[in-house]
Amino acid sequence: MHASRRSAAVDLGKSRCRVAVFADDARDLRTGDGAPGLAAADGVAAAIGAIRPLLSDVTDLDLVGVGAAGAWLAPGAAQELASQLNQATGAAVAVASDVVTAHVGALAGGQGVLLIAGTGAAALGVDGDGARLIDGWGPELGDLGSGAWLGREALRAVLRASNGLAPRTALADAIALIVGAEDRIPGWLAQPGPLPRRLATLAPTVLDTARSGDPIAGEIVAEGIRLLTASAVAASRLTTDVVVHGGLTEHHWFRDQLTTSLQVAGRQVVAASGDALDGALTIARRTDLPHERFVHRAE
């Protein structure tokens with residue numbers, strides 16, 4: 001009797017890697033550390049290092065679908081990742097940007113905008129004009145309104161206030177509980193590990209401080225929401241449906257503020273049909289989606 005064949009879906013972000021292994025009707029979910037992104041130096045090796053341990057005990061794979069951070073900006077690396085995973089597993093492999101797989105999952109492969117607000121930020125719109133990615137440029141140039149962006153802006157506000165360049169803010173005491181006094185900030189930033197992920201750990205504190213009425217934190221969050229809304233609006237001219245996604249949107253107050261901003265901008269927030277793992281599995285199984293030109297395959 002032959003062993004049942006299996007499929008795997010991978011959602012590889014900069015903070016976390018999730019893998020779902022499907023066999024018959026069962027779904028086995030595994031989690032591990034993320035990777036800096038395929039556009040980073042040694043991005044493919046880091047991606048393999050994040051994915052392979054989560055599949056080490058899985059045999060008889062038919063299909064593997066991967067959504068990987070950085071794949072949009074580094075298509076050659078995405079193709080290399082597909083080839084290496086194909087060689088390692090023997091499965092047919094499909095790799096796309098994690099923004100693409102999240103869009104496919106959220107909108108069931110159809111039209112609309114996916115607005116991601118997590119460690120990074122991006123908006124992907126798919127409509128009759130094609131696909132348009134706004135932001136997703138990484139922490140140095142973009143990720144505007146993201147968790148890392150909020151953390152960076154909060155630290156800037158605290159440092160400026162400590163030098164008398166800006167008003168005092170309750171962020172100073174709130175962030176000191178995590179980072180330490182203002183003179184500890186440079187050392188905290190220099191610790192080993194991905195800086196965007198570390199900055200994003202400050203985002204819940206920034207959001208809570210803004211919700212509590214601190215004007216400086218409120219200004220930071222308001223600007224972040226404005227930037228995210230602008231990205232969502234720019235991503236599509238032909239559809240008004242927007243799915244919001246990412247760790248920041250799990251903060252209920254922030255999600256309400258963002259939803260209101262999108263509605264004022266003429267957009268309608270709709271519920272997600274599925275998640276990035278559903279999208280990764282879908283791109284592995286189907287080649288007829290409008291996203292296909294962004295998928296890299298190895299069989």
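These are my notebook entries on salt bridges, two helices and one leucine in a predicted model.

**Salt bridges**

I began with the charged pairs and got a count of 12 salt bridges. Side chains of opposite charge can pair when their charged atoms come close.

I looked at R18 and D11 and found their side chains in a salt bridge, 3.3 Å from N to O. Buried or exposed, I wondered, for R18? R18 is buried, because its relative accessibility is 12% and the cut-off for buried is under 20%. D11 is buried too, with 14% relative accessible area. I then followed the pair outwards: D11 and R18 belong to a network of salt bridges that also links R27, D275 and D278.

Next I checked D57 and R30, whose side chains meet in a salt bridge at 2.9 Å, N to O. Where do the two residues of this pair sit along the chain? D57 lies in the loop between helix 1 (43-55) and strand 4 (61-68), while R30 is in strand 3 (residues 26-33). They are 27 residues apart, and I noted the pair as a link between distant parts of the chain. For D57 I have 51% relative accessibility, so D57 counts as exposed, the cut-off being over 50%. R30 is buried at 17%.

The third pair I pulled up was R226 with E223, where the closest N and O atoms are 2.8 Å apart. Both residues are in helix 9 (residues 215-235), three residues apart, which means about one helical turn separates them. An α-helix has 3.6 residues a turn, so residues three or four places apart point the same way. I logged R226 as partly exposed at 45% relative accessibility, and E223 as partly exposed at 31%.

**Helix 8**

I moved on to helix 8 (residues 203-211) and listed its buried residues: A203, T205, V206, L207, T209 and A210. What covers them? I found helix 4 (147-162), helix 5 (171-176) and helix 7 (195-200) among the covering elements, along with helix 9 and helix 10 (252-264). After helix 8 comes G213, and I noted its positive phi, near 105°.

**L159**

Helix 4 is also where I found L159. L159 is partly exposed, with a relative accessibility of 32%. Leaving out residues up to four places away in sequence, I see L159 touching E182 and I185. I also took the C-alpha separation between L159 and A172: 8.5 Å, with the two 13 residues apart along the chain.

**Helix 10**

Last, I went through helix 10. Its 13 residues reach 18 Å from the first C-alpha to the last, close to the 18 Å expected at 1.5 Å a residue. I wanted to know which of its residues are buried. They are F254, L258, T259 and L262. These cover an arc of only 135° around the axis, so they are on the same side of helix 10. On the face turned away from that buried side I found the exposed residues H252 and V264.

I then looked up the cover over the buried residues of helix 10, which includes strand 6 (112-117), strand 9 (241-245) and strand 10 (268-269), as well as helix 8 and helix 9. Helix 10 appears in the cover of helix 8, and helix 8 in the cover of helix 10. Following helix 10 is G266, and I wrote down a positive phi near 85° for this glycine.

Methods:
Residues numbered from 1 in each chain as written. Predicted model: local features only at pLDDT ≥ 70, side-chain atom pairs only at ≥ 80, totals over all residues. Heavy atoms only, no water. Salt bridge = Lys/Arg side-chain N within 4 Å of Asp/Glu carboxyl O. Buried < 20%, exposed > 50% of the residue type's maximum accessible area, 1.4 Å probe, protein only. Helix = DSSP H or I, 4+ residues; strand = E, 2+ residues; numbered from the N terminus. Contact = heavy atoms within 4.5 Å. Expected span 1.5 Å × (residues − 1). Arc of directions from axis to C-beta.
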